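Here's a quick tour of a single protein chain. Have a look at the fold first, and then we'll go through the numbers together.

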Amino acid sequence: MKYCKKCGILYATDVCPKCGIEEPKDQPEPEPADKKTLTRQWIGLLVGIPLFIMAIYVVIYMLYARG
């Protein structure tokens, strides 16, 4: 289904039934990222998510260790 940005409804036809605007068909596809950037992003996720979870645990531990 398509989403009309002007009137905010979902529709299945080629033209929005409410406002009559056509969806552009020839949108350029985004270029894929180079391998080095993709690798750095995955490493950042694999390191960053566990560090974030550990930081949450440390904050919770500090809150309960006080009281």
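What follows covers confidence, overall shape, surface and two residues.

This is a predicted model, where local features need pLDDT of at least 70 and side-chain atom pairs count only at pLDDT 80 or more, while totals for chains, interfaces and linings use all residues. Residues are numbered from 1 along each chain as its sequence is written, and side-chain values use heavy atoms, with hydrogens and water left out.

Start with confidence: pLDDT is the predictor's own confidence in each residue, from 0 to 100. The protein chain has a mean pLDDT of 87, with 91% of its residues at 70 or more. Helix α1 (residues 35–66) has the highest mean among the elements, 95, and β1 the lowest, 82. Where pLDDT is low, the predicted coordinates should not be read in detail.

So what does the secondary structure come to? There's one helix and two strands, running β-β-α from the N terminus on. Both kinds of element are DSSP runs numbered from the N terminus: helices are H or I with at least four residues, strands are E with at least two.

As for overall shape, the radius of gyration of the protein chain is 23 Å, whereas a compact globule of 67 residues would have one near 11 Å. That radius is taken over C-alpha atoms, and the globule rule is 2.2 Å times the number of residues to the power 0.38. Along the principal axes, the C-alpha atoms fill a box of roughly 60 × 40 × 15 Å. Contacts (heavy atoms within 4.5 Å) tell their own story: of those with a separation of 6 or more, 0% come from residues 24 or more positions apart.

How much of the chain is buried? Just 4% of the 67 residues count as buried; buried means under 20% relative accessible area, exposed over 50%, and partly exposed in between (1.4 Å probe, protein chains only).

Now for two residues. Y3 sits in strand β1 (residues 2–3), and T13 is in the loop between β2 (10–11) and α1. Both are partly exposed: Y3 because its relative accessible area is 49%, T13 because its value is 45%. Beyond its neighbours within four places in sequence, Y3 touches G8, I9, L10 and Y11.

Here are two C-alpha to C-alpha separations:

| Pair | Apart in sequence | Apart in space |
|---|---|---|
| Y3 and P17 | 14 residues | 11 Å |
| T13 and L45 | 32 residues | 39 Å |
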